[in-house]
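This report describes selected features of a protein model together with the ligand placed in it. Its topics are a helix, several strands, a number of loop residues and the surroundings of the ligand.

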Amino acid sequence: MNNLNDSHITEPGRRHIRIIKSVNLYPSLLSQVAELERVLQGDETWSEQTLTKTLASEYAFIVVMFADIGKATEDKTLIGYAVLSQVFELAELYRIGTHPDWQRQGVARSLLNKAIAYLKDTQAESLQLEVRADNHSAIALYDNLGFVELYRRRNYYHTARGGSIDGVVMELKLAE
Ligand SMILES: CC(C)(COP(=O)(O)OP(=O)(O)OC[C@H]1O[C@@H](n2cnc3c(N)ncnc32)[C@H](O)[C@@H]1OP(=O)(O)O)[C@@H](O)C(=O)NCCC(=O)NCCS
């Protein structure tokens, strides 16, 4: 992780995807991510402070996707993000989200594929995550990418109506 440099490619359709280790080099980034979190994640929202604290770790990184919305260089809008960590062979996906206007257009798949390629390059052997059992779109995304269910955290989440929902722990093997 220590030799992680920011990497950057441009995708067709004028989308730009980037892995960022040093978030302090991008002063307004985490407030934009926090705003998307607020829109997307309901009760589970991570604040800018939590994002900052998490990404201060030498093991954590964020993958972001911007889209051009005008001709000027600064006319870019954040359309997706994924927050991960890698400790030696084990990687974990903490957060992922796509702006509502950009969903079902391959944004999350691209973010995860970018992270997975990087993790394979850095000898990670496994990428794990935990998702609410009722988050069908996220589970469909992970299934689509080859993640498999490892086990469930029974009644891990509590609903406003006093019910509970399992957390599903999933894994993608990155090495044979
Ligand atoms: C889950 C989420 C990140 C998916 O982002 P996205 O950019 O729309 O996903 P993609 O377009 O890359 O979808 C890739 C594949 O995932 C599956 N998928 C994604 N959204 C889906 C949905 N709403 N219903 C069914 N399948 C879905 C499909 O297999 C899709 O492939 P396809 O479009 O070719 O059928 C997005 O819905 C989101 O931000 N949700 C709120 C935040 C959240 O729940 N994060 C995960 C917490 S663990």
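## Helix 1 and its surroundings

On the other side of helix 1 from its buried residues, Ser31 and Val39 are exposed. The model is a predicted one. The buried residues of helix 1 are Leu29, Leu30, Val33, Leu36 and Glu37. Viewed down the helix axis, these buried residues fall within an arc of 115°, so they line one face of helix 1. In general, an α-helix has 3.6 residues a turn, so residues three or four places apart point the same way.

What covers this buried face? The covering elements include helix 2 (48–55), strand 3, strand 4 and strand 5.

The length of helix 1 can also be checked. Helix 1 comprises 12 residues (29–40), and at 1.5 Å a residue these should span 16 Å; the C-alpha atoms at its ends are 17 Å apart, which agrees.

Helix 1 is followed by Gly42, which has a positive phi, near 55°. Gln41 belongs to the loop between helix 1 and helix 2. Gln41 counts as partly exposed because 13 C-beta neighbours lie inside 10 Å, a count that falls between the limits of 12 or fewer for exposed and 20 or more for buried. In sequence Gln41 and Gly97 are 56 residues apart, yet their C-alpha atoms are 8.2 Å apart in space.

## Strands and their pairing

Strand 3 (60–68) is mostly covered, with 7 of its 9 residues buried. Strand 3 is joined to strand 2 (residues 15–20) by 6 bridges, and the two run antiparallel. Within this pair, Ile20 has Ile62 of strand 3 as its bridge partner. Strand 3 is also joined to strand 4 (76–87), by 9 bridges and again in the antiparallel sense. Here Val64 stands opposite Tyr81 of strand 4.

Further along the chain, strand 7 (residues 148–158) and strand 8 (residues 164–173) pair in the antiparallel sense over 7 bridges. Tyr151 has Val169 in strand 8 as its bridge partner. The two strands form a hairpin with 5 residues between them, and Gly162 in the turn has a positive phi of about 90°.

## Loop residues

The loop between strand 3 and strand 4 contains Ile69 and Gly70. Is Ile69 buried or exposed? With 11 C-beta neighbours inside 10 Å, Ile69 counts as exposed. Apart from its neighbours within four places in sequence, Ile69 is in contact with Asp75, Lys76 and Thr77. The C-alpha atoms of Ile69 and Tyr142 are separated by 29 Å, and the two residues are 73 residues apart along the chain. Gly70 counts as exposed because 9 C-beta neighbours lie inside 10 Å. Gly70 and Glu58 are 12 residues apart in sequence and 35 Å apart in space, C-alpha to C-alpha.

Phe88 is found in the loop between strand 4 and strand 5. Phe88 has a positive phi of about 50°, although it is not a glycine. Arg104, in the loop between strand 5 and helix 3, likewise has a positive phi in a residue other than glycine, near 60°.

The following table sets out the exposure of these loop residues.

| Residue | C-beta neighbours inside 10 Å | Class |
|---|---|---|
| Gln41 | 13 | partly exposed |
| Ile69 | 11 | exposed |
| Gly70 | 9 | exposed |
| Phe88 | 11 | exposed |
| Arg104 | 8 | exposed |

## The ligand shell

How many residues surround the ligand? There are 19 residues around the ligand, and the closest are Thr98, Gln103, Ala108, Ser137 and Ala140. By type, the residues of this shell divide into 8 nonpolar, 9 polar and 2 charged.

Strand 5 (90–98), helix 3 (107–121) and helix 4 (136–144) each supply at least two residues of the shell. Which element gives the most to the shell? Helix 4 does, with 5 residues. Strand 5 thus takes part in the ligand shell, and strand 5 is also among the elements that cover the buried residues of helix 1.

Methods:
Residues are numbered from 1 along each chain as its sequence is written. This is a predicted model: local features need pLDDT of at least 70, side-chain atom pairs count only at pLDDT 80 or more; totals for chains, interfaces and linings use all residues. A residue is near a molecule or strand if its C-beta atom, placed from the backbone, lies within 6 Å of it. Helices (H or I, at least four residues) and strands (E, at least two) are DSSP runs, numbered from the N terminus. Ala, Val, Leu, Ile, Met, Phe, Trp, Tyr, Cys and Pro count as nonpolar, Asp, Glu, Lys and Arg as charged, and the others, Gly among them, as polar. Two strands pair if DSSP finds at least two bridges between them. The expected span of a helix is 1.5 Å times one less than its number of residues. The arc is that of the directions from the helix axis to the C-beta atoms. Two residues are in contact if their C-beta atoms, placed from the backbone, lie within 7 Å.
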